[in-house]
Amino acid sequence: MVEKIEHLEMCGITKRFPGVLSNNKVNIHIKTGEVLAILGENGAGKTTLMNILYGLYQPESGKILLNGKHVSINSPREAIALGIGMVHQHFMLVPTLTVCENVILGLSKSFLVDLKTAAQKIKEITDTYGLAINPDAFVWQLSVGEQQRVEIIKALYRGANLLILDEPTAVLTPQESNELIQLLRNMAAQGNSIILISHKLHEVMALSDRVTVLRDGEVCADVLTRETTQEALAQLMVGRKMAPCKREGTFSPGQTVLELQDVFAHGDKGTEALAGVSLTIREGEILGIAGVSGNGQKELAEVIAGLRHLSQGKITLNGKESTKMSPARIIQQGLGYIPEDRLHVGSIPSFNIWENLILKDHNHPPFAKHTFLKKKAIMAHSASLVATYGVKTPNLETATGRLSGGNIQRVILAREITRSPVALVAAYPTRGLDIGATEYLHSKLLEARKNGIGVLLISEDLEELLSLCDNIAVLYEGSVMKVMPVEATNERILGLLMAGIAEET
Amino acid sequence: MDRLRFKLEKRLTPSPVMVFIIPLVSVLLALLLGAIFLSLTGQKPLAVYTIMFTDSLGSKYGFTETIVKAIPLALTALGVALAFKMKLWNIGAEGQLYMGAMGASWLPLTYPTLPIYFMLPGMVVLGMMAGGLWALLTAIPRAIWKVNEIITTLMLNYVAILWVDYLVFGPWRDPKGSNFPISAPFPEAARLPELFNSRIHAGLFFAIALAVILAIIFKYSRWGYSINVIGSSERAAGYAGMNIKRNILLVMFLSGAISGLAGMAEVSGIIGKLQHGISPGYGYTAIIVAWLSKLNPLAILIVSVLFGALQVGGYAVQVEGVPAAVATMLQGTILFFVLGGEVLTNYRVRLVSRNGEERK
């Protein structure tokens, strides 16, 4: 049995990467039963710090004290032996194996595998903490939230009593997030320590006992959660005052720019993903699509963009039926689209910035003439976009994959908005972005609305929907539960509809 | 006591110095490894290498022979590179070369009296069509049902080679050829002109021209950009409205057509007839050439000459009792070291002590 972690301290940790000082003399400490949140914007050095604790990186200087003793952690194996477990943002599970097989993967030292004993031990763990998981289920059958629990079980099975979670709610639905928060609270109450890496203020407030705020690789505050507020933390994290975006001006929609009539479509697995969706979006309107992700949002965006076939129904874009148009024709017809997967669909990480900026326009003047690309015009256009949209990059030849999530989203946004579309589909545009980038994106969506673009905003962030949208529709199992003006709704009503419970009127 | 160890750290950008140094060092290391091997078999490595390189590059005859081998290598490598650029793993250049040779041979064998200005262009077109259509056979299932093109292109190599064998053993065999598996000799009008008083033929111009055209397409054209996008991310290409299926068909056809041209150049420029075994595996070596050149068409020209020299040098050392397979072995080891060396292009090696302090 490993020695229980009563107290852990990281002192003066400094870590440099080529070109950046990721951690600069960082100090953190945590004691048993405590939930410590490490808060900071993307790129503030949170993940680097935790990777050092988990033995994935070696710091240039600084030391780690465990129960007062100096320890050196050179690999995750050594971290695990000390009782430190980590749940990564991207799960490391084998989908074709069962939960039990995944948990013991890499542990067995003997030739034969004793699954029975393992299953029993897993059951003990799940019973202790109220983790409802069937050890014999295959991982591919599990929801994202359940897969995360398997990762937690994996860490506990290896004897972890200090658990590091990297952005644990980034991939979860609001309901799953709440369940996770309950679970972690429970685990802390039973004497485990938890370090939570996050940039989401409300979950930090709901879950942690203490918050260490990182900014540009340095600790800029260490406060007790109950003695602070969301606003104060936001200000510490960003280093300036935040002004939340609000829709302003009266809602005076123009003509219909995008209309879906009774649309049916199949999902990737062949099941019906959209079952009779009808929606109307007008000039200068932001229509929100609320709902737990996986209820047809992805398919909805794809049928509009022409990337998925309709099995039934009709779509009209800018006055013309676009149901059977090719994606290229739909783009010409005036559709802008910010896809959910900004790294593999919306942009190409290995391409540099100017190459990504002409993704949709490389065939038209002024960027192309006859067979050739017009490099001069492209570069001038790209330089002005990078300046206007404040993309932080060394130069235009930088590979887009090297930018932060927020900056990649700025590149995509710049491309989609400057093409002056009549309608813009934005799927989870702020997912995983930090506060600063989110704020910027919101302001740009509102600007698009002011310029008469019809925006379809798909999001699972209710706060975002309520502050930006004119109308909100709730998508549940492929059907629209209800379309309501934003004034007539609130989080409670939306939450019920998202769970498929129609209001009794 | 600190134990020192090496640590790889990813570079911010690939090191430009390494991009040049690695192929050079790889060649040297391959020669070194080859030398060890040669001395183990009782040869004098230095003497063997001297013969290899003086015979292939040092004399006029040797050098022109090197170029003769480099022409089909360069053409097939260009064909392969075009497909690889879109991540279409066409490893069927060998078969496409054979089909191109067959397509080109059909014209002089059927209409031997055509004048040269019909004959040669006709052979070029037929050779390219045959190679292209052969590649298209694999592109269609790839585009529609996502059938893995690595398997289909590879398998069709055997079919193509055996099909040419069938022709020269059967219907196309020269009745006056005393039963050898060769076709009737081509008329003079079906022979590519020779250059510099040597066996180098006008196929050299095909290779140079195509390399330049492909280099321009890759770097400056709209289509080259599309190929690049599709090769990097099919989903992003679909999102941008690009027609992926049409490009798969087009690129595969052109890739096969270029290899078909290599076949045409071989039968018309060198052999003067269709026969069994017209290629010693140019279409396979082309994959190595294309990869070493990082799919850069102009680099392909240079690397082809190097590999041509290895092949000629291999034949030369046979006289000394060293097997010609030395050349094949060196080709393999060069690729091995280049692939290994790519780690150094993208990573930097650091010496660190066990407790994480950096030494250098």
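Which residues does P485(A) touch, not counting residues up to four places away in sequence? The answer is D470(A) and N471(A). Keep in mind from the start that this is a predicted model.

**Around P485(A)**

You'll find P485(A) in strand β22 of chain A. Is P485(A) buried or exposed? It counts as exposed, because just 11 other C-beta atoms lie within 10 Å, and 12 or fewer is the cut-off for that label. One of its contacts, N471(A), sits 14 residues away along the chain, yet the two C-alpha atoms are separated by 4.3 Å. The strand pairing fits this picture: N471(A) stands opposite P485(A) in β22(A).

**Strand β21 and its partners**

Now follow that pairing into strand β21 of chain A, which covers residues 471-476. Five of the six residues there are buried, so β21(A) is largely enclosed by the rest of the structure. On one hand, β21(A) pairs with β22(A) (residues 479-485) in the antiparallel sense, over six bridges. Together they make a hairpin with two residues between the strands, and E477(A) in the turn has a positive phi of about 45°. On the other hand, β21(A) pairs with β13(A) in the parallel sense, over four bridges. Within that pairing, G288(A) has I472(A) as its bridge partner.

Another parallel pair in chain A involves β16(A), with residues 335-338, and β19(A), and four bridges join them. In this pair, Y337(A) stands opposite V425(A). In a regular strand, side chains alternate between the two faces of the sheet. For β16(A), both faces are covered: L335(A) and Y337(A) are buried on one side, G336(A) and I338(A) on the other.

Here are the three pairings side by side:

| Strands | Sense | Bridges |
|---|---|---|
| β21(A) and β22(A) | antiparallel | six |
| β13(A) and β21(A) | parallel | four |
| β16(A) and β19(A) | parallel | four |

**Helix α14**

Next up is helix α14 of chain A, made of the 16 residues 435-450. At 1.5 Å a residue it should span 22 Å, and its end C-alpha atoms are 23 Å apart, which agrees. Its buried residues include I435(A), T438(A), L441(A), H442(A), K444(A) and R449(A). What do the buried residues of α14(A) pack against? They meet the helices α8 (230-238), α13 (405-418) and α15 (462-468), plus the strands β13 (286-290), β19 (423-427) and β20 (454-458), in chain A. After the helix comes G452(A), with a positive phi near 85°.

**The nonpolar cores**

Where are the most contacts inside the largest nonpolar core? That core has 184 residues, and the ones with the most contacts inside it are V425(A), L456(A), L457(A), A74(B), L75(B) and L78(B). Helix α3 of chain B (residues 60-85) gives the most to this core, with 15 residues. From chain A, the core draws at least three residues from each of domain 2 and domain 3. Apart from this core lies another one of 63 residues, among them I5(A), V103(A), V150(A) and V211(A).

Take L456(A) as a sample of the 184-residue core. Leaving aside residues up to four places away in sequence, L456(A) touches L258(A), I281(A), L287(A), I289(A), A423(A), V425(A) and A426(A).

**Domains and the other chain**

How is chain A divided up? The domain assignment gives domain 1 (7-238), domain 2 (243-334 + 421-505) and domain 3 (344-419). The C-alpha centres of domains 1 and 3 of chain A lie 36 Å apart.

Chain B has 13 helices and two strands. With 360 residues, a compact globule would have a radius of gyration near 21 Å, and chain B has 23 Å, which agrees. Along the principal axes, its C-alpha atoms fill a box of roughly 85 × 60 × 35 Å. Buried residues make up 47% of chain B. Looking at contacts in chain B between residues at least 6 apart in sequence, 78% join residues at least 24 apart.

Finally, how many residues does each chain bring to the contact? Chain A brings 28 residues and chain B brings 21 residues. On the chain A side, α10 (327-332) and β18 (372-373) each supply at least two residues. The largest share of that side, three residues, comes from α10(A).

Methods: Residues numbered from 1 in each chain as written. Chains lettered and ligands numbered in written order. Predicted model: local features only at pLDDT ≥ 70, side-chain atom pairs only at ≥ 80, totals over all residues. Expected span 1.5 Å × (residues − 1). Buried ≥ 20, exposed ≤ 12 C-beta atoms within 10 Å, placed from the backbone. Contact = placed C-beta atoms within 7 Å. Rg over C-alpha atoms; globule rule 2.2 N^0.38 Å. Pairing = 2+ DSSP bridges. Core = buried A, V, L, I, M, F, W, Y, C linked by C-beta atoms within 7 Å. Domains from an automatic or database assignment.
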